[in-house]
Amino acid sequence: MAAASIIVAETPLVRYLLRRADDALILGHRLSEWCGKAPMMEEEMALANMGLDLIGQARALYTYAGEVEAAGRDEDAYAYLRDVRGYGNLLLVEQPNGDFAATMVRQLFYSAFIDPYWRALMASPDATLAAIAAKAEKESAYHVRHSAEWVIRLGDGTPESHRRAQDALDNLWAFTGEMFETDAGEQSLIADGLVPDPAALRAVWHESVAKVVAQAGLTLPQGGWMQKGGRSGQHSEHLGHLLSDLQYMQRAFPGATW
Amino acid sequence: MTGQIIPLWEVFIRSRNGLAHKHVGSLHAPDATLALQSARDLYTRRGEGLSIWVVPSNAITASDPADKGMMFEPTASKIYRHPTFYEVPEEVGHM
């Protein structure tokens, strides 16, 4: 019999941990989809390395969520047994890989946000959160560098690479606003000084992305309507398909190991 | 991109235990910055290194294998160049 979905009793901290973990897991899974398809062997390894960094971050956050929820759930239960509406990741990270330019722009948008975010979280009085952030920050710093170098080269490359990079910026721009959104639960954690306010990082994020985009000779979209809903479980049609890939084995053969 | 010729780079890693940078392999990259990043991704996945050098392969001048007689054989008969003719005092121990 297939494994049933779990419903998590979400306190603000559990919900917060799951959302951040979901960001990392879903983006890590997206990067893993490049396995065997990357434009060159060197980049194949780079994408897989970044994907593994992200999945490692997700594991640490899910494990901590399990301790905080104290319902006897481990990282696998959260990853494999929640339905699409239970996922709280950003819409940005579930967007399909598209071409290499889209993957790199998505990575730059996310990494340029999460890197200063982890740095701010390192000051959290919660020792576990601070430790997870300290480890993740070294990884995200490299992700920023790697994706930025590629966006610069794509923008400043051939007419085709320029066009594709610009298309990626234009298409993904509407998903960037959600990174700075918070709800009442997260605001209570911010008020308690436990986690940083993402809205406070908007200027830093914009400056670092704008610098890369300018160097690439590309144009950063301005303002406009922003998509949201991922944080509250209202996802694009892409996440369900991703999860059917990710969860199939554990749903069809509960507890299977190999 | 793959249709174009991407330059080849030689990678040298200095391992944790110090000593000199050692040649570990090669890779393709469009420029030095990305060569360094790729070297990190390809050759230091298991904590192998603390420092990386990348060198354009075409910057290396190599000896011609056809010259090996002239280049290397004359040393074969000069065994006195090996430090095997010294008596090492017991107290020195393992050198």
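Colleague: How many residues does each chain give to the contact between chain B and chain A?

Modeller: In this predicted model, chain B gives 16 residues to the contact and chain A gives 14 residues. The area buried between chain B and chain A is about 1,400 Å², and carbon and sulfur atoms give 57% of that area.

Colleague: What makes the pair Asp31(B) and Arg153(A) a salt bridge?

Modeller: The closest N and O atoms of Asp31(B) and Arg153(A) are 2.4 Å apart, and the rule asks for a side-chain nitrogen of Lys or Arg within 4 Å of a carboxyl oxygen of Asp or Glu, so the pair counts as a salt bridge. Across the interface of chain B and chain A, the rule finds one salt bridge.

Colleague: Which elements of chain B give two or more residues to the side that touches chain A?

Modeller: They are β2 (18-28) and α1 (32-43) of chain B, and α1(B) gives the largest share, seven residues. By class, this side of chain B has six nonpolar, six polar and four charged residues.

Colleague: Turning to chain A, why are α1(A) and α10(A) called roughly perpendicular?

Modeller: The axes of α1 (residues 12-32) and α10 (residues 237-252) of chain A cross at roughly 75 degrees and come within 11 Å. Angles from 65 to 115 degrees count as roughly perpendicular, and therefore the two helices α1(A) and α10(A) are described in that way.

Colleague: Which residues make that contact?

Modeller: Among them are Leu25(A) and Ile26(A) of α1(A), together with Leu239(A) and Leu242(A) of α10(A). By class, the contact of α1(A) with α10(A) has six nonpolar, two polar and two charged residues.

Definitions and conventions:
Residues are numbered from 1 along each chain as its sequence is written. Chains are lettered from A and ligands numbered from 1 in the order in which they are written. This is a predicted model: local features need pLDDT of at least 70, side-chain atom pairs count only at pLDDT 80 or more; totals for chains, interfaces and linings use all residues. Side-chain values use heavy atoms; hydrogens and water are left out. Contact means heavy atoms within 4.5 Å. Buried area is the accessible area (1.4 Å probe) that two parts lose on being put together, summed over both. Helices (H or I, at least four residues) and strands (E, at least two) are DSSP runs, numbered from the N terminus. Ala, Val, Leu, Ile, Met, Phe, Trp, Tyr, Cys and Pro count as nonpolar, Asp, Glu, Lys and Arg as charged, and the others, Gly among them, as polar. Axes are lines fitted to C-alpha atoms, for helices over the stretch in contact, and angles run from 0 to 180 degrees between N-to-C directions. Angles under 35 degrees count as roughly parallel, over 145 as roughly antiparallel, 65 to 115 as roughly perpendicular and the rest as oblique.
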